Amino acid sequence: MAIKQLNENKVKTVWQEFLRSSTWRWLQKAIVLIIFSLVVNHLAASDNFLNSESYRFPLVGFLFTIVLSIVVGLIAHFNFKFYQKKHFYKKIEVATMVKFMASTLGYVAIIYIPVNIIIGVIIDGEIQLYYILIGLLITLLICFILIALLYAKEIYNLYKLSIKDAEITIESGTKLTKLTYENIACFYSENKIVYTVQNDGNTINTDFTLNELEEKINDQLFFRANRQTIIHKDTVDLIEKIENGKLRIRLKTFVKNDAIAEINISRYKRKAFMNWFQ
C-alpha cells in the first residue's frame, strides 16, 4: 500500500513538473495553432465545409497556414520576450499590450509586403497592389486573433505577478492568516508539517500540504525546489553550480532555519529553475 502511494505521488510530481515545463507551454501553442489552422481553412471556401458533397481536406492551405503561423509565432515570441523584459515585468497596462500587438503586426507587415510583391512579379509578371493590401489586411486580422490566443494566458499570469497585494489565506488549526505574496519567503515541510516563513523571520505552521500550496500560489513567483521546499523568487540570494549538474541555492539571511538556508536543485530541475528564475 505504501509503495503504491509512493508511486502515485511520484507520478503526480512528474506530471506537475511537466505542466510547468516549457515543453508543455509549446505543446499548448502547437495545439492552438493546429486547431486554428483547421478552422480557418475549413471556413475559407465552400468546398471545404464538412457537410459539402464535394468536401476535400484543404491540405495545401493547411500546410501554408502552419508555415505562415510558425513565422508569425517566431516574430511574436521574440517580440513578447523583449516586452516581457522591458515592460511587462513592471506592470501590465492596456497601452503596453497595444504597443506589443501593434509592433508585432508591424513586423509581420514588413515581411508580408515585399514577399508578396516578389511572388506577384514571378508568377504574374506584375504587382497587384489591391490584392496585396486586401491579403495584408486579412493576414493581420488572422495574426491578431492567433497572437491573442497564444499569449492570453501568459499575459494574464504576468498581470497576476504585477499585483503586489496578491495574497493567500494560511489555515492553521482554527486560525486563518492572510499573507501577501511579497511577504512570504518560502514554504517548507518538516516532520510532515508545512511551515510558512515570512520576510520578517517569523514562521507559522499550516494545514496545507506542499502539493496543495503549489496549486494555489502564483508559479511566476514561487518554485517547487524539491519535495520539502517552495521558494519565493526574491528570497534567492546565491546560485552555485555543484557536482553532477546540480545547483545549490542559498536563501537570504532573514531565513534563519538551517534546514532550508541552503537548498539543492537536482539536475533534472535545473533547466526549469533557471528558466523560472531568469
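How many bridges join E3 to strand E4, and in which sense do the two run? E3 and E4 (residues 193-198) are joined by 6 bridges and run antiparallel. The model is a predicted one. Its chain has 8 helices and 10 strands, and 34% of the 278 residues are buried.

**Chain totals**

- Half of the contacts between residues at least 6 apart in sequence, 50%, join residues that are at least 24 apart.
- The exposed area of the chain is about 17800 Å², of which carbon and sulfur atoms supply 61%.

**The five-stranded sheet**

- An open sheet is formed by 5 strands in the order E5-E4-E3-E7-E6, with antiparallel pairing.
- Strand E5 (203-206) and strand E6 (222-224) are the edge strands, each pairing on one side only.
- On average, neighbouring strands of this sheet are turned by 20° against each other, with direction ignored.
- As background, strands of a sheet pair through backbone hydrogen bonds, either parallel or antiparallel.
- In the pairing of E3 with E4, Ile184 stands opposite Gln198 of E4.
- E4 also pairs with E5, in the antiparallel sense and over 4 bridges; Thr203 in E5 is the bridge partner of Val197.
- At the other edge, E6 pairs with strand E7 (residues 229-232) over 3 bridges, again in the antiparallel sense.
- Phe222 has His232 of E7 opposite.
- Helix H8 (residues 270-277) lies across E6 and E7 and runs at about 175° to E6.

**Loops and positive phi**

- The hairpin of E3 and E4 has 2 residues between the strands, and Asn191 takes a positive phi there, near 55°.
- Asn191 is not a glycine, and its place is in the loop between E3 and E4.
- Asn191 counts as exposed because its relative accessibility is 71%, above the 50% cut-off.
- In the hairpin of E4 and E5, 4 residues lie between the strands, and Gly201 takes a positive phi near 95°.
- Asn244 is another residue other than glycine with a positive phi, near 60°.
- The loop that holds Asn244 is between strand E8 (236-241) and strand E9 (247-251).
- With a relative accessibility of 57%, Asn244 counts as exposed.

**Nonpolar cores**

- The largest nonpolar core has 27 residues, and those with the most contacts inside it are Phe80, Phe88, Phe100, Leu105, Val108, Ile147 and Tyr151.
- At least two residues of this core come from each of helix H2 (22-43), helix H3 (59-88), helix H4 (94-123) and helix H5 (129-162).
- H5 supplies the largest share of this core, 10 residues.
- Leaving aside residues up to four places away in sequence, Ile147 touches Val72, Ala76, Phe100, Met101, Thr104 and Leu105.
- A second core, separate from the largest one, has 16 residues, including Cys186, Ile260, Ile265 and Trp276.

**Aromatic pairs**

- The structure holds 10 aromatic pairs.
- One of them is the tilted pair of Phe187 and Phe222, at 5.8 Å centre to centre with 45° between the planes.
- This pair links distant parts of the chain, as Phe187 is in strand E3 (residues 184-190) and Phe222 is in strand E6, 35 residues apart.
- Phe187 and Phe222 are both buried.
- Phe273 and Phe277 form a stacked pair, with 5.9 Å between centres and 10° between the planes.
- Phe273 and Phe277 are 4 residues apart in helix H8, so about one helical turn separates them.
- The two residues of this pair are covered as follows: Phe273 counts as buried because its relative accessibility is 0%, whereas Phe277 is partly exposed at a relative accessible area of 29%.
- The value for Phe277 falls between the 20% and 50% cut-offs.
- Ring pairs also link Phe80, Phe82, Tyr83, Phe100 and Tyr151 into a cluster.
- Phe80, Phe100 and Tyr151 of this cluster are also among the residues with the most contacts inside the largest core.

Conventions:
Residues numbered from 1 in each chain as written. Predicted model: local features only at pLDDT ≥ 70, side-chain atom pairs only at ≥ 80, totals over all residues. Heavy atoms only, no water. Buried < 20%, exposed > 50% of the residue type's maximum accessible area, 1.4 Å probe, protein only. Contact = heavy atoms within 4.5 Å. Areas by Shrake-Rupley, 256 points an atom, 1.4 Å probe, with all protein chains shown as cover. Pairing = 2+ DSSP bridges. Axes fitted to C-alpha atoms, helices over the stretch in contact; angles between N-to-C directions. Core = buried A, V, L, I, M, F, W, Y, C linked by side-chain atoms within 4.5 Å. Phe/Tyr/Trp six-rings, centres within 6.5 Å; stacked < 30°, edge-to-face > 60°.
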